[in-house]
Amino acid sequence: TKIAQALQAEIPADGALNLRVKGWARTVRSGKKVTFISLNDGSSFGSLQVVVPPEVDDYEAITHLTTGSALSVEGELIESPAKGQRVELKATKVEIVGKADPSYPLQKKRHGFEFLREQAHLRVRTNTFGAVFRVRSALAQSVHRFFGERGFYYIHTPIITASDTEGAGEMFRVTTLPVGDPPRDDEGAVDDKQDFFAKPTFLTVSGQLNGETFALGLSDIYTFGPTFRAENSNTSRHASEFWMIEPEMAWHDLDDDCQLAEDFVKAMLKTALEDCAEDLAFFDKRIDKGLIERLTKVAEADFARITYTEAVELLEKSGKSFEFPVEWGKNLQAEHERYITEEILGRPTFVVDYPKEIKAFYMRRNDDGKTVAAMDLLVPKIGELIGGSQREERLDVLESIFASDPHLSVEDYDWYLDTRRFGTAPHAGFGLGFERLVMYATGMENIRDVIPFPRTPRTCEF
Ligand code: 4AD
Ligand code: MG
C-alpha cells in the first residue's frame with residue numbers, strides 16, 4: 001500500500017485493517033516500551049506514524065535504526081490516539097531493508113537549500129523537495145493533457161543541431177574531435193570536416209525551427225524537451241539545461257498566440273492548485289505566504305496586454321530609478337520587467353511588438369517598419385515566463401532579413417526557407433521555460449531548486 005492511501009484509508013467498524021507499507025524513515029524515536037518511526041515513500045506530503053511495540057521480532061535492532069533507513073512494515077492501521085494525525089500503523093513485523101549509515105546528511109533539523117543542493121541525490125527525501133518534484137511531475141503530465149485535449153500533436157525535435165535558433169551564440173558545442181590535439185587544416189584552423197557530423201554541431205537552444213516545419217503540415221504541434229544555453233548568467237532564473245514547451249500553430253496570429261499562452265498558464269496553475277493541494281498548502285505556509293490566494297486570482301482574472309512602446313512610457317512615467325536606464329530600442333532588463341508586472345500592472349502582462357533590432361530573425365515584421373509581432377509574458381516574482389511571436393511567413397521579407405544579417409546564411413537555412421517556398425502560411429508559437437513555471441506554481445525562488453540535477457555555470461555534478 002502507498003502511504004498516501006494508508007493515510008486516507010477508512011478504518012472498518014471491527015477496527016482492523018492490515019497492510020504493508022514500504023518507505024524511508026524520516027525520524028526514529030526509540031524507547032524501552034515503544035519505538036515511533038515516521039515513514040515516507042514519496043506518495044504524499046504526510047508521513048505515516050509507525051508504532052513498534054517491543055514484542056516485534058528484532059526489536060533491539062529496530063531501536064538502533066537511524067533516519068534515512070529503508071523499511072518494509074506490516075501492521076494494523078488504527079485510529080491514532082495521538083494529536084495531529086488521523087491514523088497510525090501498529091507494526092507486527094518490521095523488515096530492515098536498507099540501513100542508513102549514521103553519517104546520513106539529512107538529519108531532523110531544517111537544512112538550508114544551499115546545503116541541500118550539494119545533496120541533490122538525496123534532497124528529494126525532504127518535505128520541500130518531495131513537494132517540488134511531485135508538483136513538477138503533475139505539471140509535466142498536465143502539459144500533455146492540455147495540448148492533447150486541444151488536438152495538438154506532440155513532436156520530438158532533435159537535441160543535436162547545426163542551427164542557432166535564437167542567434168545569440170549561446171550554444172554548447174558537440175564534438176568528437178580530440179580535445180587536446182584536434183586535426184587542423186592547411187591554415188591551422190580546427191578541421192570540422194573531420195568531426196563526427198563533418199560540420200560544427202551544437203546542443204539545441206530551442207526546438208522552434210523544426211517545430212515550425214511540422215506546424216506547416218500538421219497545423220497544431222508542440223514540443224516539450226530539454227534545451228541548452230551556454231549563457232554565462234549566474235542568476236536564480238537561468239539554468240544551462242532547462243526544459244521548454246514550444247507550441248506552434250498554423251493559421252494563427254499574435255493575438256491567438258497570446259490567448260493560447262494565457263489559457264495554458266491558467267490551466268497549469270489550476271493543475272497545481274487542484275491536483276497538488278497538499279503540497280501547495282505547504283508552500284503557502286512555509287515558502288511563500290499568500291501563494292494559494294495569489295495563484296487562484298491569477299487563474300481567474302484576465303492578463304494585461306501592452307505594447308513595448310507603452311511599457312517604455314509607463315516605466316519612464318513611473319519616476320523610479322533603475323540600475324539600467326530605460327530607453328526605446330533597448331532590451332527590457334529583469335528589473336524593468338518585474339516592475340511592470342509587479343508594481344505598475346499587478347498581474348501577468350503580455351508585452352508585444354518589440355523593436356526588430358532586439359529580437360530574433362524569424363519574428364514577423366510589423367507594418368510600422370520598426371517592430372516585430374513578438375510577445376513576452378511577464379509574471380510577478382519571475383519576470384519573463386514566456387517568449388513567442390508570429391513568424392515571418394513571407395519569403396521575400398525573410399530573404400531580405402537573411403541578406404542583411406552576416407550571421408545568417410541561406411545555405412544553412414535552406415530547409416527552413418523551403419517552408420516559405422512551398423505553401424507558406426501564417427503561423428505563431430511560443431516557448432515557456434518549464435522550470436520558471438514550476439517556480440511560479442510553488443513559490444520556490446531559485447531555479448536550482450526546481451530541477452532535479454541543476455546545471456549552471458561551473459556546476460555540473462551528479
Ligand atoms: O525567450 P526564449 O529564448 O525564446 C525561444 O527560445 C523561442 N524559440 C521560443 C519560441 O517561440 N518557440 O526562451 C523561451 C523561454 C523564456 O521565456 C524563459 O522562460 C525560458 O525559455 N528560458 C530559460 N529558462 C531557464 N534558464 C534559461 N537560461 C532560459 N532561457 C530561456
Ligand atoms: Mg526571451
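Me: Which feature does UniProt place at residues 133–452?

Reply: Good place to start! The unreviewed UniProt entry puts "domain: Aminoacyl-transfer RNA synthetases class-II family profile" at those residues. Keep in mind that the structure you are looking at is a predicted model.

Me: How much of residues 133–452 is helix, and how much is strand?

Reply: Over that stretch the chain is 38% helix and 20% strand. Look at the two ends as well: their C-alpha atoms are 8 Å apart.

Me: What mean pLDDT does the protein have?

Reply: The mean pLDDT is 96, and 100% of the residues reach 70 or more. For the complex, the predictor gives an ipTM of 0.99 and a pTM of 0.97.

Me: Now the ligand. How many residues surround ligand 1, and which are the closest?

Reply: There are 24 residues around ligand 1, and the closest are S206, Q208, G387, G431 and G433. The elements giving two or more residues to this shell are strand 11 (241–250), strand 15 (383–390), strand 16 (427–433) and helix 13 (434–442).

Me: Which strand gives the most to the shell around ligand 1?

Reply: That is strand 15, with 6 residues. You can also sort the shell by residue type: 7 are nonpolar, 10 polar and 7 charged.

Me: What should I expect of nonpolar side chains in general?

Reply: In soluble globular proteins, they tend to be buried together. Here, the largest nonpolar core holds 73 residues, and A272, L437 and A441 touch the most other members. Helix 6 (residues 254–275) gives the most to this core, with 9 residues. Another core, of 19 residues, lies apart from it and includes A6, W24, A25 and L39.

Me: Which residues is A272 in contact with, leaving aside its neighbours within four places in sequence?

Reply: Try finding them in the view: V135, A138, L139, L280, L295 and A441. A441 is also one of the residues that touch the most other members of the largest core.

Me: Let me try a single residue. Why does L378 count as buried?

Reply: The idea is to count neighbours: a residue is buried if 20 or more other C-beta atoms lie within 10 Å of its own. L378 has 28 C-beta neighbours inside 10 Å, so L378 counts as buried. You will find L378 in strand 14 (residues 371–379).

Me: Which residues does L378 touch, not counting those up to four places away in sequence?

Reply: L378 touches E337, I340, T341, P348, T349, V351, G383 and E384. For a distance to check yourself, take L378 and Y339: they are 39 residues apart along the chain, and their C-alpha atoms are separated by 9.9 Å.

Key
Residues numbered from 1 in each chain as written. Chains lettered and ligands numbered in written order. Predicted model: local features only at pLDDT ≥ 70, side-chain atom pairs only at ≥ 80, totals over all residues. UniProt positions renumbered as here; feature names shortened; annotations may be inferred. Helix = DSSP H or I, 4+ residues; strand = E, 2+ residues; numbered from the N terminus. Near = placed C-beta within 6 Å. Nonpolar A, V, L, I, M, F, W, Y, C, P; charged D, E, K, R; others polar. Core = buried A, V, L, I, M, F, W, Y, C linked by C-beta atoms within 7 Å. Buried ≥ 20, exposed ≤ 12 C-beta atoms within 10 Å, placed from the backbone. Contact = placed C-beta atoms within 7 Å. pLDDT = per-residue confidence, 0-100.
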